[in-house]
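Biologist: Please take a close look at one part of this predicted model, and explain how that part fits into the whole chain. I should be grateful for an answer that a first-year student can follow step by step.

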Amino acid sequence: MIHPTYFRKGIAEQLLCFIEEYEYTAKKVIVSTGSKNFPAIHLYKKCEYFKKGERQVTERLTLTVFEKVLR
């Protein structure tokens, strides 16, 4: 999660890259975001994460789950 003051500075993408490199023995990374959080969805797609599904959390909140298989 990135504080709104620091949106649009590439921090979230840097964090994803760090996790993917740091956890070099991991076979995949699974992330989720609110289904209406279009900037986060765009970021995950840009970083080659694929939509795996959606989960209804409450009447007003749905999460979209993404996954990336690592090399």
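Modeller: In this description, helices and strands are runs assigned by DSSP, with at least four residues for a helix and at least two for a strand, and they are numbered from the N terminus. With these terms, the chain of this predicted model reads α-β-α-β-β along its sequence, which gives two helices and three strands. The C-alpha atoms fill a box of roughly 35 × 30 × 15 Å along the principal axes. Of the contacts in the chain with a separation of 6 or more, 49% are between residues 24 or more positions apart.

The part chosen for the close look is the sheet. Strands of a sheet pair through backbone hydrogen bonds, in either a parallel or an antiparallel manner. Here the three strands form an open sheet in the order 1-3-2, and the pairing is antiparallel. Strand 1 and strand 2 (50-58) stand at the edges with a single partner strand each, so one side of each has no neighbour in the sheet. On average, neighbouring strands of this sheet are turned by 25° against each other, direction ignored.

The pairing of strand 2 with strand 3 may be followed in detail. A hairpin of two residues joins strand 2 to strand 3. Strand 3 covers residues 61-69, and seven bridges link it to strand 2. Two pairs illustrate the register: Arg55 has Leu63 as its bridge partner in strand 3, while Lys51 stands opposite Phe66 of that strand.

How many of the nine residues of strand 2 are buried? The count is zero, and strand 2 is hardly covered. For the whole chain of 71 residues, the buried share is 27%.

Strand 3 offers an example of a buried residue, Glu67. The relative accessible area of Glu67 is 14%, and because buried means under 20%, Glu67 counts as buried. Leaving aside neighbours within four places in sequence, Glu67 is in contact with Lys28, Val29, Ile30, Glu48, Tyr49, Phe50 and Lys52.

A residue outside the sheet provides a contrast. Arg8 lies in the segment before helix 1. The relative accessible area of Arg8 is 83%, and because exposed means over 50%, Arg8 counts as exposed. From C-alpha to C-alpha, Arg8 and Gly53 are 26 Å apart in space, with their positions 45 residues apart in sequence.

The sheet also has a helix lying across part of it. Helix 2 lies across strand 1 and strand 3, and it runs at about 160° to strand 1.

Finally, the largest pocket may be considered. Rolling a probe the size of a water molecule over the atoms shows where empty space is left. The largest pocket has a volume of about 800 Å³. Helix 1 (11-22), strand 1 (28-34) and helix 2 (38-46) are the elements that give two or more residues to its lining. The lining comprises 24 residues, and Ile2, Ala12, Pro39, Ala40 and Leu43 lie nearest the centre of the pocket. By class, 15 of the lining residues are nonpolar, five are polar and four are charged. Strand 1 thus appears twice in this account: as an edge of the sheet and as a contributor to the pocket lining.

Terms used. Residues are numbered from 1 along each chain as its sequence is written. This is a predicted model: local features need pLDDT of at least 70, side-chain atom pairs count only at pLDDT 80 or more; totals for chains, interfaces and linings use all residues. Side-chain values use heavy atoms; hydrogens and water are left out. On a 1 Å grid over the protein atoms alone, a cavity is a set of points where a 1.4 Å probe fits but cannot get out, and a pocket is an open set with protein on both sides within 12 Å along at least five of seven lines; lining residues have an atom within 4 Å of a point. Grid points are joined across faces, edges and corners, and a volume is the space filled by probe spheres set on the points. Ala, Val, Leu, Ile, Met, Phe, Trp, Tyr, Cys and Pro count as nonpolar, Asp, Glu, Lys and Arg as charged, and the others, Gly among them, as polar. Two strands pair if DSSP finds at least two bridges between them. Axes are lines fitted to C-alpha atoms, for helices over the stretch in contact, and angles run from 0 to 180 degrees between N-to-C directions. Contact means heavy atoms within 4.5 Å. Buried means under 20% relative accessible area, exposed over 50%, partly exposed in between (1.4 Å probe, protein chains only).
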